[in-house]
Amino acid sequence: MNTAALKANERELIKLIRFFSKRGAQLVASGELSEQHEQLTSACQNLETQLYKHAENRAAILEKRERLEKIIEDKAQCPKCHKADMLKKTGVATNEHGWKSNTYRCRRCNTNFTWNRPNNPWDMVSFLERYIQELEQSLQTAQPEGMQEHIEGAIPQLQDSLFRLRPVLQTSNEEVEALTEKESEMDRLIHQFKNYLLIEKIKLDTYPEE
Ligand SMILES: [Zn+2]
């Protein structure tokens, strides 16, 4: 496990744990390990294992989340020349619904525009829900020749995307929520244990055992 995946408070605690583990090993070697030291050493080892496991779990969840954030691939086109080859992504804009979309510049036409679809799956769900609703409403009124069939064909496809997207996002949201909860639990534990070890360390410095 690389320590780069650890947060600052976790790294600090690991440092202290190492100190006490090393000391425990020395005491074993010199035959001086008391029951109290033994308990401390094993508590340190348990917590170290727990810390690394937590950090690994966190890294996996966040990595999955990052992949999910990038799942939407724009098939953006310039509104003037209707081509994509000279497009350069310039930023992100938020519309009146709070959905985020990518902005582009077409270097052929020197035109800036915001793509008409969200750039992330969470906003995409809201977008699809609204879009499907609009299409269904439009079927209530008379449509030009061929349009009716076109809309009727498009709705199930959009619904399919929506149904596939929803559970993936829900799982990820639940994972992140559980992680946040676990994170504050661990922070509390780290804080308490660190204080305890610091006090033990001060005692050692104040009253050398030799
Ligand atoms: Zn263009």
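**Exercise 1. Determine how strand 1 and strand 2 pair, and over how many bridges.**

Step 1. The model is predicted. Locate strand 2 at residues 100-106.
Step 2. Strand 1 and strand 2 pair in the antiparallel sense, over seven bridges.
Step 3. Check one pair: lysine 88 has arginine 105 in strand 2 as its bridge partner.

**Exercise 2. Work out which strands stand at the edges of the sheet.**

Step 1. Write down the strand order. The open sheet has three strands, ordered 1-2-3, with antiparallel pairing.
Step 2. Count partners. Strand 1 (87-94) and strand 3 (111-114) each have a single partner strand, so they stand at the edges. One side of each is therefore left without a neighbour in the sheet.
Step 3. Add the twist. On average, neighbouring strands of this sheet are turned by 25° against each other, direction ignored.

**Exercise 3. Classify the packing of helix 2 against helix 4.**

Step 1. Take helix 2 (residues 35-69) and helix 4 (residues 147-206). Their axes come within 10 Å and cross at roughly 150°.
Step 2. Apply the cut-off: angles over 145 degrees count as roughly antiparallel. The two helices are therefore roughly antiparallel to each other.
Step 3. Assign the hand. Helix 2 passes helix 4 in a left-handed crossing.
Step 4. Sort the contact by class: 18 nonpolar, five polar and seven charged residues.

**Exercise 4. Decide whether asparagine 120 is buried or exposed, then find its polar partners.**

Step 1. Place asparagine 120 in the loop between strand 3 and helix 3 (121-138).
Step 2. Its relative accessibility is 12%. Buried means under 20%, so asparagine 120 counts as buried.
Step 3. Its side chain makes a polar contact with the side chain of asparagine 119 (3.0 Å).
Step 4. A polar atom of the asparagine 120 side chain also lies 3.2 Å from the backbone nitrogen of tryptophan 122.

Terms used: Residues numbered from 1 in each chain as written. Predicted model: local features only at pLDDT ≥ 70, side-chain atom pairs only at ≥ 80, totals over all residues. Heavy atoms only, no water. Pairing = 2+ DSSP bridges. Helix = DSSP H or I, 4+ residues; strand = E, 2+ residues; numbered from the N terminus. Axes fitted to C-alpha atoms, helices over the stretch in contact; angles between N-to-C directions. Parallel < 35°, antiparallel > 145°, perpendicular 65-115°, else oblique. Left-handed = near helix turned anticlockwise from the far one by under 90°. Nonpolar A, V, L, I, M, F, W, Y, C, P; charged D, E, K, R; others polar. Buried < 20%, exposed > 50% of the residue type's maximum accessible area, 1.4 Å probe, protein only. Polar contact = N/O pair within 3.5 Å; in protein donor to acceptor, adjacent residues only side chain to side chain.
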